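Here is a walk through one protein model, written for someone who works at the bench. Have a look at the sequence and the structure first, and then we'll go through the parts.

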Amino acid sequence: MKEIIDQNLIHDHNLKNSKSLEKDFEFLGEQLQQRGIRIEEIIQKLDSFMIAIPSWGTGTGGTRFARFPGIAEPRNTFEKLEDCSTINKLVRCCPMVSPHFPWDKVDDLKELKEFADNLELSFGSINSNTFQDQPGQTHSYKFGSLTNVSKEVRNQAIKHNVECIEWGKVLGSDSLTVWIGDGSNLPGQQHFTHALERYLDSCSQIYESLPDNWQMFLEHKMFEPAFYSTVIQDWGTSVLCAMELGPKAKSLVDLGHHAPNVNIEMIVARLIQFQKLAGFHFNDSKYGDDDLDSGSINTYQQFLILNELVDAEYRKAKGFNPAYMLDQSHNVTDPIESLINSSVEVQRSYLKALLVNREKLQDYQDENDALMASNELKLAYNTDVSPILAMYRMRAGGAIDPIATYRSANYRKNLESARPSTNSNSSGIV
Ligand code: AFD
Ligand code: MN
Ligand code: MN
């Protein structure tokens with residue numbers, strides 16, 4: 001297959017910037033050394049911090065009002081993978097793609113797997129979709145899927161999830177992410193307890209189909225599309241269900257799915273403590289489930305969340321092995337650029353969290369020195385780690401400046417004729 005982002009282009013771009021990067025890296029290394037931090041040890045940690053790209057994030061998103069497609073958008077799963085590969089070639093921290101079924105359904109999954117292998121991509125968690133009706137579907141999900149009052153509808157939704165596991169096996173995945181749109185729009189519409197009982201019954205049937213090495217990620221969301229109540233509304237309900245289902249079931253934290261002002265980092269700590277943290281859907285928000293680019297609004301919150309994760313790593317917390325994914329909707333930017341930026345922003349938070357002196361922090365906590373404890377976190381957060389991120393990318397074969405390199409490649413223009421617009425007018429998934 002022809003290379004869609006040229007490695008020589010990356011190399012040439014890097015040549016222009018590598019001298020100043022070396023200098024910045026060395027200078028930062030000296031600064032960190034004074035704080036007792038070895039820059040080479042820190043940079044190595046990035047090897048194991050990888051973030052999956054959501055296949056659906058490669059297309060322009062939309063709101064329920066409109067969608068404004070860009071040029072050369074991927075028209076099928078293969079083209080989505082091409083875009084994911086482009087992102088990963090530039091950033092080198094996104095070698096996984098999280099697919100969504102049936103959106104990513106293809107005739108031959110083995111062919112898709114081979115295609116991904118050739119692009120040096122693997123598959124992350126499989127997302128099922130029972131929040132929409134598909135053409136030709138027997139039963140409608142208008143009034144819910146896994147929690148529907150009708151057994152036939154529930155069985156159809158269970159069957160789809162079991163199929164997702166089967167497809168995931170072919171793709172080499174090892175987890176299923178379940179998010180349902182089930183809930184109610186008016187008080188009295190749904191019996192809270194009965195709906196959750198039906199959810200547990202459906203999920204336990206899916207759970208039984210999980211291979212030994214698989215996990216099931218339960219994703220909660222407070223509102224939307226149901227606006228009075230959702231069945232899996234918060235982390236409390238999701239963790240209760242995960243506990244009920246068994247050790248393979250865990251809670252997935254999508255940053256946009258919480259009530260405003262909720263202390264998400266604390267939720268993360270609780271889930272880690274009880275070995276129930278499945279992983280993340282990273283994004284950012286101002287008002288609700290805005291699906292904005294990670295690190296674009298609440299960067300300190302993102303850092304504090306990553307701080308809990310690094311703390312768990314540092315303590316070698318039992319059963320700690322979260323899956324990291326982005327889940328964003330790119331409505332006005334080039335999705336590739338947003339995904340590049342976002343993955344680097346999550347990586348940035350992780351890197352900053354690695355700079356926290358955990359022994360010092362512990363001492364401040366033990367001495368009830370609130371101010372210095374907070375300052376210890378701030379010291380790490382305020383450190384500009386850009387040279388480490390850029391150096392990591394360069395050493396791994398990626399771009400020092402991924403956005404500038406991507407722009408100079410004229411990627412979309414070059415693909416315009418190969419990927420003609422499908423003229424889709426439909427509104428995107430929010
Ligand atoms: C939802 C959830 C979930 C789902 C997605 C579909 O975040 O992860 O798969 O949207 O676009 O809000
Ligand atoms: Mn999500
Ligand atoms: Mn969402």
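## Confidence

Among the elements of the protein, which has the lowest mean pLDDT and which the highest? Helix 15 (residues 411–415) sits at the bottom with 95, and strand 5 (residues 175–178) is at the top with 99. pLDDT is the predictor's confidence in each residue, on a scale from 0 to 100. Across the protein it averages 96, and 97% of the residues score at least 70.

This is a predicted model, and local features need pLDDT of at least 70, side-chain atom pairs count only at pLDDT 80 or more, while totals for chains, interfaces and linings use all residues. Residues are numbered from 1 along each chain as its sequence is written, and chains are lettered from A and ligands numbered from 1 in the order in which they are written. Helices (H or I, at least four residues) and strands (E, at least two) are DSSP runs, numbered from the N terminus.

## The six-stranded sheet

One open sheet has 6 strands in the order 4-5-7-9-10-11, with parallel pairing. Two strands count as paired if DSSP finds at least two bridges between them. Strand 4 (126–127) and strand 11 (323–326) are the edges, each pairing on one side only.

Let's zoom in on strand 10 (residues 277–282). Strand 9 (residues 249–254) runs parallel to strand 10 and is joined to it by 4 bridges; here Val 253 stands opposite Phe 280, and Leu 252 opposite Gly 279. The chain gets from strand 9 to strand 10 through helix 8 (residues 264–273), in a right-handed β-α-β crossover. Right-handed means that, with the strands pointing away from the viewer, the path from the first strand over the helix to the second runs clockwise.

Strand 10 is also joined to strand 11 by 4 bridges, again running parallel, and His 281 faces Met 325 there. Helix 9 (residues 299–315) completes a right-handed β-α-β unit with these two strands. 6 of the 6 residues of strand 10 are buried, so the strand is largely enclosed by the rest of the structure. A residue is buried if 20 or more other C-beta atoms lie within 10 Å of its own, exposed if 12 or fewer, and partly exposed in between, with C-beta atoms placed from the backbone.

## The three-stranded sheet and the core

Strands 1, 2 and 3 form an open, parallel sheet in the order 1-2-3, with strand 1 (53–54) and strand 3 (122–123) at the edges. Strand 2 (residues 96–98) pairs with strand 3 over 2 bridges, and Val 97 has Phe 123 as its bridge partner.

Val 97 turns up again in the largest nonpolar core, which has 94 residues; Val 97 is listed with Ala 52, Ile 87, Cys 94 and Leu 218 as having the most contacts inside it. Helix 10 (residues 335–354) gives the largest share of this core, 9 residues. Such a core is a set of buried Ala, Val, Leu, Ile, Met, Phe, Trp, Tyr and Cys residues joined through C-beta atoms within 7 Å.

## Backbone oddities

Two cis peptide bonds are worth a look. Phe 101 to Pro 102 has omega of about 10°, in the loop between strand 2 and helix 4 (109–118). Glu 224 to Pro 225 has omega near 5°, and Pro 225 lies in the loop between strand 7 and strand 8 (229–230).

Glu 120 is not a glycine, yet has a positive phi of about 60°. Asp 291 isn't a glycine either, and its positive phi is about 55°. Are they buried or exposed? Glu 120 is exposed, with 10 other C-beta atoms within 10 Å, whereas Asp 291 is buried, with 24.
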